[in-house]
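I opened this notebook to keep track of what I looked up in one structure. The entries follow the order in which I went through it.

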Amino acid sequence: MKPNKVFHASLITIVMIYLFIPLVATFLYSISTDWYRTILPEGYTLSWYKELFTDPRFLDAMQRTLFVCFLAICISVTVMVPTIFIVTVYFSRWERTLQGLVMLPYAIPGVVAAVGLIKLYSSGPIVLSGSIWILIGAYFVIVLPYMYQGIRNSMRTIDAIKLVEAAELLGASRMQAFWKVIFPNILTGIIVSTLLSFSTLFGEFVLANLLVGGHYETMQIYLIRRMSESGHLTSAIVVTYFILLFALSGIVMRLGKSSSKEGSR
Amino acid sequence: MLSLLPFAFLVLCFELLPLLVMVLESFRGDGGVGWGLEQYTKALTSKYYLQGLSNSFFISLCASAVGIVVALFAAYSITRFSQRMRDFLLMLSNMTSNFSGVPLAFAYIIILGSNGLFTLLFKQLGWTTLASIDLFSWFGLVCVYVYFQIPLAILLLYPTYYGIHQQWRESAALLGASTVQFWRYIGLPVILPGVVGTFSILFANAMGAYATAYALVGGNYNLIAIRIGSLVAGDVAARPELAGALAVILAITMVTAMLINEWMMRRVRRELG
Amino acid sequence: MSYVQIDRLSKRFKETTVLNQVSLSIEKGELITLLGPSGCGKSTLLRCIAGLTEVEDGGKIVVGDTNITQLAPKAREVGMVFQSYALFPNMNVYGNICFGLKMKGVKKEEYKERVERIIDLVDLRGRENSYPHQLSGGQQQRVALARSLVVEPKILLLDEPLSALDAKIRKSLQTEIRRIQQELSITTVFVTHDQEEALTVSDRIFVMDHGNIVQIGTPKEIYAHPASEFVARFIGNYNVLKRAEMVQLVGEIVMAGDAFAIRPEVISLVPRGNEASAQSKNGWSVESVVRSMTLKGNVIRYEVETNHQKMQVDVLNTSDNHWIRVGTPVFMRIPAEECIPLQ
């Protein structure tokens, strides 16, 4: 048993080191003064972060990204929650259709999705190309699978159909059944889906670049444009981006754990 | 009923119609004139686009193969730790699986670029072969792709291993099977569908990857995803018809991979019920 | 005129007929069970009464003087306890119980006392602030019961309410449900697949098979006089013999009937060589051999073989009967009046 343990431990350690090298290197790079002649940085500084957080272009890009993500996710939540609820509880025969529609984006990479979107909205009756609405529409589609799975799973965990039946037998209207019984119980699921969608959109580059790249500089586009200028500054962006992302996924894991605990009891 | 309208509208406008337009477009002639298979003929006979397809295909194949082999061992090792440690390691994998696209490309430039930290280190140590790795080549791309495949593969494979019950091993051992025999006759056959499914996901993931490659090599390396991107919005004149045909080909590859996964997962669920 | 009248209710799911022109009537204050194997349509019938499943044209459900066939579930004034209880996980016991009253717009001052009374009735005092996941299965069951009773429904519907509980709690809740039902004298429809449960709790049992009601009767009637082979097999461990088999066993018979059901406990075993006592004026004695025995607590079940048949025989587990072992040659004494003819 003993040598086995050692084997597993060292294997995992190596894999984890491999996975963390790029992260650690980026972090060190972001706090180093100069680092191209020596093995370790020549000195440490926080000036890159200072420069970054006072750069109006960065702040604008951040704001744009947050705005687009926020808008797309708000639309997604307001549209998807009632849709999934209605289909699950009242139109279960359409469930497969819904599932097909929302899972399709999984199999369609951004670059493929962009082809049709650009063609469809660059001419003809509705011209959206270059506007943020085309991006928001595309983002709505990208997050469909995350929204669907999170919300659908939490409805399944609480056995939404039975709860609605019970509530209706006790005199609740459909709206009351939804707001008083279903919504409070799937709230955690909605939040988890929202955060997952957010971290996906936050790192989205392909569609942003192809659909609105020229006119609307989001974080990722800002990042790629900065890359050729200053490595240290770029590292600072990447690190900031990652701290945000880790915080998000930390919250998601915590929420997911607490909700699965309640569900299993 | 009425409350389903917004969903139907959005899905129609931003998912179904664009896909339909793309497919229709791929059957048109240059400049949107006439109908036919012209674009497909072009895509599948031109040396340039064929090379893009085959580059994408082989890079994805290699990166996925390396990724899955590493993950096969790593995911199994994770199952051998205590609950706390397992959760922690999975969390780390989850964290690093977010690391892809532009930031990943950048990190690799820092460590393996021409002035990268490791390149420097290898030079000082005198390991010239390692120092001369060209990040912007076929091999370099595989290296970067492997990086984002490993955590994803670990996360996907881990539940499959979890399906192997300790009691199976115990009863196999009581019936006289060695560890090797257990894996040969029980363990591997049980996880195989899961492995094939995961592999197809990895493959699809790599085929569709655009941001990482774009950030690393710009338009300079011939990959199918990059080609599509530059045909619709690139520096050269837009050719949406050809882009459509290439996109349809890419989409078919990916949907096939996803279907293989779906089919395999159904088998896994049935067996591990 | 009965309190609940159900008239020619039918339900088809695609090709399969789940309910086939079912008609029945229930008296006020009565507890009836719908008993049958899974897939016999009993739960569907219950859901039709609740309005959760639509019935096909021509069916009619009347409760009191109201035809409720076309009413929405919430307008029907029925209470229902689900197999999974369907408690609202975000509300505590008190919140779950009050929910129906709130939905009906009852003022807090008015329902307070009612809720307190029902909490005492189902014995949940002290657990008012607990959440469903903090309760045991039995307690969750009581909450579900209280929640549907507090709104004072016209009928109470129970859909296999005890099947998720273990044997001991099930037994105690059976008597509990019966006590509460009688205390409130509420008309109740109880769905179960457990014949013992049905015999314990019901005023009348409706045995269902393939979407039809095949027999109606008090527990005593159903147990003692099953009307068909299906009921005999489902309700107890009857020995069921076709007419030809019966003739083979005991010789020519004068009774009418295509088949006969004989309960295992009415047969007695008599030692060979004691033929005199084995003879009885109204019945048969059959030479046979004990093939196997199973201890079932207070009774021992023997499998006894004649030349033609194997029969189950239950004998009290007392020292008087311990002479009967596997391989013992015996006489099987079958009283004629205990042979129930079946169509």
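The entries below go through the core, the chain contacts and one sheet.

Entry 1, ground rules. I am working with a predicted model, in which local features need pLDDT of at least 70, side-chain atom pairs count only at pLDDT 80 or more, and totals for chains, interfaces and linings use all residues. Residues are numbered from 1 along each chain as its sequence is written, while chains are lettered from A and ligands numbered from 1 in the order in which they are written.

Entry 2, the core. I looked up the largest nonpolar core (buried Ala, Val, Leu, Ile, Met, Phe, Trp, Tyr and Cys residues joined through C-beta atoms within 7 Å; buried means 20 or more other C-beta atoms within 10 Å of the residue's own, with C-beta atoms placed from the backbone). I found 260 residues in this core, and A:Ala114, A:Leu211 and B:Leu246 are among those with the most contacts inside it. Helix α8 (residues 138–162) of chain B supplies the largest share, 14 residues. Helices here are DSSP runs of H or I with at least four residues, strands are runs of E with at least two, and both are numbered from the N terminus.

Entry 3, one core residue. Leaving out residues up to four places away in sequence, I found A:Ala114 touching A:Val206, A:Leu207, A:Leu210, A:Leu211 and B:Val232. Contact means C-beta atoms, placed from the backbone, within 7 Å.

Entry 4, chains A and B. I noted 62 residues from chain B and 58 residues from chain A in the contact. On the chain B side, helix α1 (residues 5–26) gives the most, with 13 residues.

Entry 5, chains A and C. This contact takes 17 residues from chain A and 18 residues from chain C. On the chain A side, α8(A) contributes the largest share, six residues.

Entry 6, a sheet in chain C. I traced six strands in an open sheet, ordered β6-β7-β8-β3-β9-β10, with mixed pairing. Strands pair if DSSP finds at least two bridges between them. The edges are β6 (78–81) and β10 (212–217) of chain C, each pairing on one side only. β6(C) runs parallel to β7 (residues 155–159) of chain C over four bridges; C:Gly79 has C:Leu156 in β7(C) as its bridge partner. Helix α1 (residues 42–50) of chain C packs on the sheet, and its direction makes about 145° with that of β7(C). Such angles run from 0 to 180 degrees between N-to-C directions, with axes fitted to C-alpha atoms, for helices over the stretch in contact.

Technical notes
A residue is buried if 20 or more other C-beta atoms lie within 10 Å of its own, exposed if 12 or fewer, and partly exposed in between; C-beta atoms are placed from the backbone. Two residues are in contact if their C-beta atoms, placed from the backbone, lie within 7 Å.
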